[in-house]
Protein chains: 2
Amino acid sequence: MEDKLQELKTHFSEIGDLNSAASLLSWDQMTNMPPGGAPARARQMALLKRLAHEKLIDPALGKLLDELQPYEASLPFDSDDASLIRIARRDYEQAIKVPPQLLAEIENHAAAAFQVWNEARPANNFAAVQPYLEKTLELSRQLADCFPGYEHIADPLIDHADYGMKASSVSAIFAELRDQLVPIVQAITAQPPADDSCLRQHFPEAQQWEFGLDVVRRFGYDFQRGRQDKAPHPFTTEFSIGDVRITTRVEEHFLAEALFATMHEAGHAMYEQGSDPGYEGTPLAGGTSSGVHESQSRLWENVVGRSRGFWTFYYPKLQEVFPDQLGSVSLDSFYRAINKVERSLIRTAADEVTYNLHVMLRFDFELAMLEGNLAVKDLPEAWRERFKADLGIVPPDDRDGVMQDIHWYFGIVGGMFQGYTLGNILCTQFYDAALQAHPEIPGEIEQGEFGTLLGWLQENIYQHGRKFTTSELVDRVTGGPISIEPYIRYLRNKYGALYEL
Amino acid sequence: MEDKLQELKTHFSEIGDLNSAASLLSWDQMTNMPPGGAPARARQMALLKRLAHEKLIDPALGKLLDELQPYEASLPFDSDDASLIRIARRDYEQAIKVPPQLLAEIENHAAAAFQVWNEARPANNFAAVQPYLEKTLELSRQLADCFPGYEHIADPLIDHADYGMKASSVSAIFAELRDQLVPIVQAITAQPPADDSCLRQHFPEAQQWEFGLDVVRRFGYDFQRGRQDKAPHPFTTEFSIGDVRITTRVEEHFLAEALFATMHEAGHAMYEQGSDPGYEGTPLAGGTSSGVHESQSRLWENVVGRSRGFWTFYYPKLQEVFPDQLGSVSLDSFYRAINKVERSLIRTAADEVTYNLHVMLRFDFELAMLEGNLAVKDLPEAWRERFKADLGIVPPDDRDGVMQDIHWYFGIVGGMFQGYTLGNILCTQFYDAALQAHPEIPGEIEQGEFGTLLGWLQENIYQHGRKFTTSELVDRVTGGPISIEPYIRYLRNKYGALYEL
């Protein structure tokens, strides 16, 4: 059995290495590549991904997994070997259900749709993307139909990003959240908006860059196993457990842009860096789901990075870096500025309270489109109506309405958005559990110390990589299912104090 | 036949893409990678190279090449299609002769030997590398023996870098060169050395960097299809014709380091950027041999970049950038400083006159070791003797003697060095031919204009990529064989004037 297990590891190590090479080519494209490199780069990435996929659907792998079944059954569920075989089988079985032709069609169409969207969005031309989005929807349905026996047609697509979750379970959580959230948003936005003009001065890039690096170094992001570069859209990528890189985008006239993006991406990256080193090159390395991944970026960005305690320590340092800009701005004013809540158009720029309304709207539209209850041609109007109902404002155009996110124009419709709000919910559940174990954490954060928090996350979440599903992990950590209660309490406490609700 | 030809192109495009991906991983390792990435990176590069090699020795490729033979025979020798099939067959036939186990053994041994050398060199410990170098020599012999029928055991290894050249042909050229060169070196070094203290002041990195970029941009290195980064040892690498990158190393206390490295690498890079765009993804793209490649780096670095004409235009600009350091240094003094000739220990830092003595010594030792006429254990002593005879100085230790170059400690013994001096010879042959066609070139260089020269190189050398062998190319360009005459004339003219010989 030792031999077979080693064979499995070698097989997946090669799949992982091909995917990591493709990721490096992609990272380079976003950070360094001269324009002339584009045509060959697309061809090279496609080849690497194809070779990785061919290895993943290799019938010899299926046979090997069958042979390893008795060994797996003889081991405890959460042992490394049993988990390796279990997750490897899950990846294999998901992959073989999709015909390679469909996969290729989805990828080719995504590339074409992205090109069109990239020009149509600035031109506010929904008519141009509509046929592409219709085709994307059709392909998404075909993809879902590769997994017969679903309860809702979105289920296989949600499952792909957040294994074990379904349209019904996500909808139930979201409905509960929505009931609690809408009154909070209404109460806050009934008051005069916070003044964030202190963030909208001139902050030279070099100092912003250094400050952000200092913050995430203190968080515990390991620069011996990572680095930060500039990219038009911030992202995190990993080539091994020993090389997990972040990117950020600097706006010299808006201080919050680079700093919080750096914290956010470092959250993702610390999760990836934290996998058990023994999982290197196996399917156990990495993050278990989009929801848990997002819980870590949001935890470090919002729960820590936008907390009063964090800035008790860091604000004097920031004032030292930017004395002219912030020397006469009080901590209170700065804290209110970075937590300004407002009804706004753009999801990625939304505050942590209204953000979820943006996400839930998209999630509901994905279900409705997949069900056939919402036609693509009716999407812009539906978007405006729902936006008015939920956020009280109407997007003036489709560019900053239904065309704002890349997701539907460079992938599939379905499973693309629920992870963002699941992440908001999970991060406070996890943080509460950490505080129960270590009530000293908030005091440490006020001292600029993050080791106890990181250690707890490492021990309870990061080291496990993909071993446990979202639900299994939440159950292990909190002793129960996903619950919105900690998140609502967090919002009430934080924003209750800020807005004297 | 169209179908078969397309099949061949697709096959080689995939080989090229895997190798290009490996090159990007290697580039990233030298420029960006955090230390923690090293173990996985080595594994990933090895996998990509193995997959590329497997595709190259695929028996189906041999069959395809056989089927294409009649088509090739029906075409003119220098047509693109015939050349594609010819060069593809050459690559295939070279590759299939080497058993994969031997190739793997060479690569594994190279990695081990490099580790040992990397520590032994600073410790001046030749005893530590000796058994590794003995093994390298043994593997090099085995590699040569995969190509039976050679005249000299070094021939297959020389052939690999400089296709069509042999130990005998290179030795004949080198013997002739040596006879002419030694008296020139003696005449120069009998005089007081040039004063290069003006180069050894403090020159801040940022200004050095910008100045170097400006120079190579004017040469014609295309930054839409390239970029420059920092690396411990400067190199050029290409991921496609549209993405050819250079690197340099900056010394703040020695102006000549970064600037001439940038020019040198840009010479390599312009050659690669210049391949016919239709060769993209085929074995015709790239440089035809190490000698011709080196001729382009040396041409731009030395023939252009260390010429009086070049600095007539550029020196006032350099003085503007560094007024405190160079404001009171005359053009004559500066020109003498950058062309200082001296008997020195290190090949890579040697001037363009003595450089060839360093190379010829290594070439002769490679032949002697492969022949069995020089044992590895006797190499340090042989090095000291030959160094004394050729350069009149004795290396004080092995660190700056026989252990200074990475080549024998990270590859094979044989074929590693002749390209450097062939490049010096070829670059003046090519330059002479360019001047015959365009006598206005030196005048243009004095105006900071390089378009005519680059255009001629592009037309006569770069666009052909690997289509012609070194000899074929030299014959097409100069109407004759490789000749040292232009090079000797160049040295006599330039250094005759500088040293009033």
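Copies are superposed by least squares on the C-alpha atoms of residues with pLDDT of at least 70 in both. Keep that in mind for the first view, and note that everything here comes from a predicted model.

**View 1. Chains A and B, related by a half turn.** Turn chain B by 180 degrees, with 0.0 Å of shift along the rotation axis, and it lands on chain A with an RMSD of 0.0 Å. The two copies are thus related as by a two-fold rotation axis. Looking for a landmark beside that axis in chain B? Try A21(B), whose C-alpha is the nearest one to the axis, at 3.5 Å. Both copies put the same surface to use, since 100% of the contact residues of chain B turn up again in chain A.

**View 2. Where chain B touches chain A.** Each partner brings its share to this contact: 29 residues from chain B and 29 residues from chain A. On the chain B side, the elements that give two or more residues are α1, α2 and β2, the last of these spanning 236–240. Helix α1(B) supplies the largest share of that side, with 7 residues. Sort the chain B side by class and you get 12 nonpolar, 9 polar and 8 charged residues.

**View 3. Helices α1 and α2 inside chain B.** Here we zoom in on α1 (residues 2–31) and α2 (residues 38–56) of chain B, whose axes come within 9 Å and cross at roughly 160 degrees. An angle over 145 degrees counts as roughly antiparallel, and α1(B) and α2(B) are therefore roughly antiparallel to each other. Their crossing is left-handed. On the α1(B) side, the residues that meet α2(B) include I15(B), L18(B), A22(B) and L25(B). A21(B), the landmark from the first view, is also one of the α1(B) residues in this contact. From α2(B), the residues taking part include M45(B), L48(B), L51(B) and A52(B). By class, the contact has 10 nonpolar, 5 polar and 4 charged residues.

**View 4. The matching helix pair in chain A.** Now hop over to the other copy, where α1(A) and α2(A) (residues 38–56) pack at an angle of about 160 degrees, with their axes 9 Å apart. That makes α1(A) roughly antiparallel to α2(A). The crossing of this pair is left-handed. Among the α1(A) residues in the contact are H11(A), E14(A), N19(A), S26(A) and Q29(A). Across from them, α2(A) brings residues including R41(A), Q44(A), K49(A) and K55(A). The class count for this contact is 10 nonpolar, 5 polar and 4 charged residues.

**View 5. Helix α1 against helix α3 in chain A.** Helix α1(A) has another neighbour in α3(A), which covers residues 59–73; the two axes come within 10 Å and cross at roughly 145 degrees. The crossing of α1(A) with α3(A) is left-handed. From α1(A), the contact uses K4(A), L5(A), E7(A), L8(A) and H11(A). From α3(A), it uses L61(A), L64(A), E67(A) and L68(A). H11(A) is worth a second look, as it also belongs to the α1(A) residues that meet α2(A). This contact divides into 5 nonpolar, 1 polar and 3 charged residues.

**View 6. Domain 1 meets domain 2 in chain A.** Chain A is divided into domain 1, which runs 2–96, and domain 2, which is made of 197–344 + 435–473. Taken over C-alpha atoms, the centres of the two domains are 29 Å apart. Their contact takes 17 residues from domain 1 and 15 residues from domain 2. On the domain 1 side, the elements that give two or more residues are α1 (2–31) and α4 (80–96). The biggest giver there is α1(A), with 10 residues. That side of domain 1 holds 7 nonpolar, 6 polar and 4 charged residues.

Note on methods. Residues numbered from 1 in each chain as written. Chains lettered and ligands numbered in written order. Predicted model: local features only at pLDDT ≥ 70, side-chain atom pairs only at ≥ 80, totals over all residues. Contact = placed C-beta atoms within 7 Å. Axes fitted to C-alpha atoms, helices over the stretch in contact; angles between N-to-C directions. Helix = DSSP H or I, 4+ residues; strand = E, 2+ residues; numbered from the N terminus. Parallel < 35°, antiparallel > 145°, perpendicular 65-115°, else oblique. Left-handed = near helix turned anticlockwise from the far one by under 90°. Nonpolar A, V, L, I, M, F, W, Y, C, P; charged D, E, K, R; others polar. Domains from an automatic or database assignment.
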